[in-house]
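What follows is a guided reading of a predicted model, moving from the contact between its chains to the interior and then to a sheet. Please keep the sequence and the coordinates at hand while reading.

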Amino acid sequence: MNVIEVEGLSKTFKFYRKPQGLSASFKNLWQRQVEYKEAVKDVSFSIEQGQVVAFLGANGAGKTTTMKMLSGILHPTHGKIKVLGHTPSEREEQFKKRFSILMGQKQQLWPDLPAIDSFSLCQRIYDIPTPLFKQRLARLSEVLNVSHLLDIQVRRLSLGERMKMELIAALLHGPELLFLDEPTIGLDFLSQRAVMRFLQQLVREDNITILLTSHNMADISALCERVLVIQNGQLVFDDRITQLQNTLGGLRRIHIESESPLHSEFLGRYGKVINNDVHCAELEVGDDVVNQVLQHLLKDIAVKDIRVSAPPLEDSLERLYTRRGQVA
Amino acid sequence: MNKYMWLLGMGLQKALAYRVNYSVAILAAVFPIILQWVLWQSIYQYTKADTLYGMSYSDMLSYVVLAALMAQALRTGFEYDMAEDIKSGGLNRFIVQPLSYFGYRLSVFVGTNLGYFVATLMVMALVLWVAIQYWVLPTQIIHIALFVVSAAGAFLLQFMLFYLLSLTAFWLHEVWALFESVRVISLVLSGGVVPLSVFGESLQYGFSLLPFQYLIYFPLQTLTGAISLEQIFSGLLVQWGWIAAMMLLITVIWRRGSRSYLALGG
């Protein structure tokens, strides 16, 4: 069953431009330059129940705009959206009770009160029966390891603890669909992993559907099976995460450690030198010539260690962003 | 319990978390009162008049003390939160959750101000008792009862006024100056500084067309029995009429504003 169905989605924003200087400011008082920006252009995709999908793109690519349209905050200019069988822009109560959206910096907990008070408010807002509320709260706070912090003023909690509390607040009503906008932004490594492990568990046990944006590639490779990449408002990639590395020219990285000094000029003959620390270097080559290059290297260099790996996800993305950037 | 009642309780809790702030504000109200006391004492002594603007010295003193307290009880502060919500996308939450923004703001306002309002009313009761005992203020139970109704109306009207004002944040980027100017103008026009009779007949007529006098002047006139029961009832009608009118205006402006509202950020 498809939880999200999007067809030909577009969003155009109207905005004003003001050239530099005071005279332009005065001129703007009665005559403003109106411009239009197509934040999202003709995007189509669908997401099945229980899928975890990463939504990637550079800043301003249109990720958040799309999420806002999916959750009903913004009206689309063109196109059709069906989320959980509802049209989000109609903002029906029934629809609101079935999903949750968590936007990095925008908090719903009251900083001056303990988190438990905000949770009780959630219970009222979403009409959660008390036994179910208690059961969910106990489970969520235990898994996230924050049971002992529930009665402390939220502003006295650390950023990581607060984020976990926000997650609990977003999940108390048992949403079937979760939109996460940068859920681990500003968190330390341990908190990031705790949140990610928790989300994995949630998907496994509750068959919840998640659409998440993040700039943290570790999050994405840990959690998501599928990746949507949006660039300049257009969907440029929609496939499995492993496919992302392969589609982009099929490159491989060769890491070499050697007894003798390595020369960039020499290595450069076989492929692109990513870095070279004299005894340790990294080389990027096409996957069709990997074998050939390896043979040459082993013959010519006193190799201590050699490894082949896929380039990091960030590199694939960078190539994807810039490649499309040039076309657009 | 209903979600809005729960919010009211949370507002009250939040206010209680800042009880020092609370007491300081009440103490701060004492200074303008002392200032007025000194001022009116010297005015009455200097002019040697029995009544000024139709009020005796004791009438005037009871009025300014009660007015200062009333103005304190009607304090707002949510307008800045609202402007922030509108500017930085805090409204998004209310679009994606089954919770009305107006209901949220009203409940929290009533909650945060309730303790304050009740505390101030108790101080007012004390002042009133002093006024009746020493300054021979003629007040009857019916006036006190009607005052409570008009004070509740004033409370709601004040909320509506600042809610309406906050909606300008949909179009304006800097709202601080506007908020502060309206606060000062409203304080004067509502009779929070001196009774409106000081301004003379024609100006007073002009003020009667505005909603402001129903915040402080009218409730206090009700309390001190300065106007007839008939005037009180027609005044209450106008006051609640203003509340209804504001509500209507808020609905219309909110609809226009939220249409132009672009959820920012990201």
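The contact between the two chains draws 20 residues from chain B and 25 residues from chain A. On the side of chain B that touches chain A, the elements that give two or more residues are helix 1 (3–17) and helix 6 (92–96) of chain B, and of these it is helix 1 of chain B that gives the most, with seven residues. Sorted by class, this side of chain B holds 11 nonpolar, six polar and three charged residues.

From the contact we turn to the interior. The largest nonpolar core has 121 residues, and those that touch the most other members are A:I168, A:L172, B:A67 and B:M70. The element that gives the most to this core is helix 4 (residues 57–73) of chain B, with 12 residues. When residues up to four places away in sequence are left out of account, B:M70 touches B:I216, B:P219 and B:L220. Apart from the largest core lies another one, of seven residues, which includes A:I254, A:L283, A:L297 and A:I301.

Two of the residues that B:M70 touches, B:P219 and B:L220, are also among the buried residues of helix 11 of chain B, and this helix deserves a closer look. Helix 11 (residues 217–224) of chain B is largely enclosed by the rest of the structure, because eight of its eight residues are buried. Written out, the buried residues of helix 11 of chain B are B:Y217, B:F218, B:P219, B:L220, B:Q221, B:T222, B:L223 and B:T224. Just after this helix of chain B comes B:G225, which takes a positive phi of about 70 degrees.

The last stop is a sheet in chain A. As a general matter, the strands of a sheet pair through backbone hydrogen bonds, in either a parallel or an antiparallel sense. Here six strands of chain A form an open sheet in the order 5-6-7-3-8-9, and the pairing is mixed. Strand 5 (99–103) and strand 9 (234–240) of chain A are the edge strands, each of which pairs on one side only. On average, and with direction ignored, neighbouring strands of this sheet are turned by 15 degrees against each other. Within the sheet, strand 3 (residues 52–56) of chain A pairs with strand 7 (residues 209–213) of chain A in the parallel sense, over four bridges. One residue can be followed across this pairing: A:V53 has A:L211, in strand 7 of chain A, as its bridge partner.

Key:
Residues numbered from 1 in each chain as written. Chains lettered and ligands numbered in written order. Predicted model: local features only at pLDDT ≥ 70, side-chain atom pairs only at ≥ 80, totals over all residues. Pairing = 2+ DSSP bridges. Axes fitted to C-alpha atoms, helices over the stretch in contact; angles between N-to-C directions. Contact = placed C-beta atoms within 7 Å. Nonpolar A, V, L, I, M, F, W, Y, C, P; charged D, E, K, R; others polar. Core = buried A, V, L, I, M, F, W, Y, C linked by C-beta atoms within 7 Å. Buried ≥ 20, exposed ≤ 12 C-beta atoms within 10 Å, placed from the backbone.
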